[in-house]
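Subject: Handing over the structure

Dear colleague,

I am passing on the structure we spoke about, so that you can open it alongside this message. Please look through it once before reading further.

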Amino acid sequence: MYEATIRRSFSAAHSLREIGGKCEKLHGHNFVIEISVASPTLNGEGLVIDFRTVKNWADQVLGELDHSHLNDVPWFRDKNPSAENIAHYIFGCMEEKAAAAGIHVARVTVWESESAKVTYTGTDHA
Ligand SMILES: [Zn+2]
């Protein structure tokens, strides 16, 4: 299996419900996102996929979140906009685009700070 990974970032505010401490107050992060797509085979150019394509997809997905108050994004209405749930959300959006191109998302990592990250790898990967 080949994995190709791109890195992107976006800025957003959130407040986390019911976890106690200062995370419940509105605050912001410069989230750094790593998205890995995977394929067991390479295309005719010897690539999993052109990095630019994955970056374009990511820019579409992250553009919806950039400079937003994540608690107001519909997908997070019933969920805490934690790094875990952000990773899950991005994974789902990216998987739709990847599947249409015949590849899959292997993992999405959300760096909430330079020393704290969460990775989501989906539920049904083999
Ligand atoms: Zn936070």
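Below is a description of what was found in it, beginning with the sheet and going on to the helices and the metal site.

Please keep in mind throughout that this is a predicted model.

The sheet

The sheet is an open one built from five strands, which follow the order β3-β1-β2-β4-β5, and the pairing within it is mixed. At its edges lie β3 (68-69) and β5, each of which pairs on one side only.

If you begin at the β3 edge, you will find that β1 and β3 run parallel and are joined by two bridges. One of the pairs there sets Ala 12 against its bridge partner Ser 68 in β3, while Ala 13 stands opposite His 69, also in β3.

Moving across the sheet, β1 and β2 pair in the antiparallel sense, and 13 bridges connect them; as an example to look up, Thr 5 has Ser 36 of β2 as its bridge partner. Beyond that, β2 and β4 run antiparallel with seven bridges between them, and here Val 37 is partnered by Val 105 in β4.

At the other edge, strand β4 (residues 104-113) pairs with strand β5 (residues 116-120), again in the antiparallel sense, over five bridges. The connection from β4 to β5 is a hairpin that passes through two residues. Within this pairing, Trp 111 has Lys 117 of β5 as its bridge partner, and Val 108 stands opposite Tyr 120 of β5.

The helices

How do the two helices lie with respect to the sheet? Helix α1 packs on the sheet and touches β1 and β2, its direction making about 20 degrees with that of β1. Helix α2 also packs on the sheet, where it touches β1, β2, β4 and β5, and its direction makes about 150 degrees with that of β4.

The helices also pack against each other: α1 (residues 51-63) and α2 (residues 83-100) meet at an angle of about 135 degrees, and their axes are 10 Å apart. Because of that angle, α1 is oblique to α2. The crossing in which α1 passes α2 is right-handed. On the α1 side the contact is made by Val 54, Trp 57, Ala 58, Gln 60, Val 61 and Leu 62, and on the α2 side by Ile 90, Cys 93, Met 94, Lys 97 and Ala 98. Sorted by character, the residues of this contact comprise nine nonpolar, one polar and one charged.

The zinc site

Which residues supply the protein donors of the zinc ion? They are His 14, His 27 and His 29, each through its NE2 atom, and they lie 2.0 Å from the ion. Along the chain these donors follow the spacing H-x12-H-x1-H. Two of them, His 14 in strand β1 (residues 2-14) and His 27 in strand β2 (residues 27-39), form a pair that links distant parts of the chain, 13 residues apart. The zinc site can thus be viewed together with the sheet, in which β1 and β2 are antiparallel partners.

With best regards

Note on methods
Residues numbered from 1 in each chain as written. Predicted model: local features only at pLDDT ≥ 70, side-chain atom pairs only at ≥ 80, totals over all residues. Heavy atoms only, no water. Pairing = 2+ DSSP bridges. Helix = DSSP H or I, 4+ residues; strand = E, 2+ residues; numbered from the N terminus. Axes fitted to C-alpha atoms, helices over the stretch in contact; angles between N-to-C directions. Parallel < 35°, antiparallel > 145°, perpendicular 65-115°, else oblique. Left-handed = near helix turned anticlockwise from the far one by under 90°. Contact = heavy atoms within 4.5 Å. Nonpolar A, V, L, I, M, F, W, Y, C, P; charged D, E, K, R; others polar. Donors = N, O, S within 2.8 Å, 3.2 Å for Na, K, Ca; no water.
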